[in-house]
Amino acid sequence: MHGALAAIEAGVPTVWQPHGMLLPDARSKSSLKKSLFMKLGLARALRGAAAIVGATEHETAESQLPVGSSDVKRFTVPLPVRSPERHTLDALRAAGRARYFQSHPDARQVVFVGRLHPVKRVELTLDALAQAPNTYLTIFGPGDDQYVATLREHATRAHVADRASFAGWLAPADRWEVLAAADALVINSVHENFGYVVAEAAACKTPVAMTDNLSLADEARKHGFAKVASADPHDLGCAMFAAADPAARAALGDAGRRWVESELSLTAVGLQLAAVYRAIAPQSARV
C-alpha cells in the first residue's frame, strides 16, 4: 500500500490485482479490520490507481472500489497455470490410478481437491454422489477434525459412505498424479474467485463437474471442458456422472487442455498483462 501511494505521488500509474479481496463475500469477512485498513490508506491508494485487474469477468465486474474510483479502469486477465508437459500425462495418469484408485477400477473416479470448509459445500458434493451410480468420490484436502467428522456422518446419512473416501492432505508434488488419474474433478463451492484447481484439472485433460455460480462457469461453457450444473444434488450428480463418462472424457479433456494452453499459459497471460500496461502507460512512455 505504501509503495502504491508513493507511486501515485510520483505520477507513476499503479495496477492492483485484488485476487478476490474486493468482492462482496470477501469484504464481509473481518469487515471491521478491512474498514480500518481502508481508512489507513488503502482507499486512497485504490482511488488513485490506474487500473484493477480481475482474474475473471465476475471479479472484474463485482469488485467493490471505494467512492471516488470511477476513473479506475477495469481489466480481466486470468491467472497463469504451469502445466505438466503433454507427453507426461499418460504416465501421470497410470501412476495415479495405480496409487490411488486400485479399488473398483471399472467405476468412475471423481475427486474433490481443496480445503474442507463449509464454503466448499462438500455436503452438497456427497448428496450429489448419491445421484451418480457406479461413481466413487475421493476427497483430498485438510480440514478441522470435528468438521471432517460431520462430513463422514453426512456421507453415512446420504448412503454414500461406501463410495466416498477422505484421503486427507495432498502433497503439492502429488497433485498432478491425482488430477491426471481422476475421471473427473468436482467443485461446487459457495464462491471461488478463480477456482485454480479447475485450470489444473483441465491442464491434465481431466473433465470438470461444477456448479453454475462459480466464476469459471462461463469459461467452461464457452470452451466445453466441463459439465455445468445447478446446486441441486440431482443436477450436480448427473453432471458428475456425465463428466466422468469414458465416452465423453477425451473430448472434454482435449477442450480443457486447449483452453489452458491458449489462455492460461505464462506466455498468454504475460501478453495480456503487457496489453494492460500499454493501455495505462503515459503517452510519453509508450513505444
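Student: How many bridges join strand S4 to S7, and do they run parallel or antiparallel?
Tutor: Two bridges join S4 (residues 108-113) to S7, and the strands run parallel. Keep in mind that this is a predicted model.

Student: Which residue stands opposite Ala184 of S7?
Tutor: Val110 does.

Student: And S8, how many bridges join S7 to that strand?
Tutor: Three, and S7 and S8 (residues 208-211) run parallel. In S8, Val208 is the bridge partner of Leu185.

Student: What does the chain pass through from S7 to S8, and is the crossover right-handed or left-handed?
Tutor: The chain passes through helix H9 (residues 196-203). This β-α-β crossover is right-handed.

Student: Back to S7 itself. Which way do its residues point, and are they buried or exposed?
Tutor: S7 covers residues 184-187. Ala184 and Val186 point one way, Leu185 and Ile187 the other. All are buried.

Student: New topic, backbone angles. What is phi of Lys205?
Tutor: About 60 degrees, so positive, although Lys205 is not a glycine. Most residues other than glycine have a negative phi.

Student: Where does Lys205 lie, and how accessible is that residue?
Tutor: Lys205 lies in the loop between H9 and S8. Its relative accessible area is 25%, so Lys205 is partly exposed.

Student: What about Asn134, what is its phi?
Tutor: Near 50 degrees, again a positive value in a residue other than glycine. Asn134 is found in the loop between helix H6 (122-129) and strand S5 (135-140).

Student: Why does Asn134 count as partly exposed?
Tutor: Because its relative accessibility is 47%, and the partly exposed class runs between under 20% for buried and over 50% for exposed.

Student: Cysteines next. How many disulfides does the structure hold?
Tutor: Zero.

Student: Are Cys204 and Cys238 buried or partly exposed?
Tutor: Cys204 is buried, with a relative accessible area of 4%. Cys238 counts as partly exposed, at 36% relative accessibility.

Student: Last one, Thr56. Where does that residue lie?
Tutor: In the loop between strand S2 (51-54) and helix H4 (57-62). Thr56 counts as buried, because its relative accessibility is 5%.

Student: Which backbone atom lies 3.1 Å from a polar atom of the Thr56 side chain?
Tutor: The backbone nitrogen of Glu59.

Student: And which residues does Thr56 touch, not counting residues up to four places away in sequence?
Tutor: Thr76, Asn193, Phe194, Ser215 and Leu216.

Key
Residues numbered from 1 in each chain as written. Predicted model: local features only at pLDDT ≥ 70, side-chain atom pairs only at ≥ 80, totals over all residues. Heavy atoms only, no water. Buried < 20%, exposed > 50% of the residue type's maximum accessible area, 1.4 Å probe, protein only. Helix = DSSP H or I, 4+ residues; strand = E, 2+ residues; numbered from the N terminus. Pairing = 2+ DSSP bridges. Right-handed = clockwise from strand over helix to strand, strands pointing away. Disulfide = S-S within 2.5 Å. Polar contact = N/O pair within 3.5 Å; in protein donor to acceptor, adjacent residues only side chain to side chain. Contact = heavy atoms within 4.5 Å.
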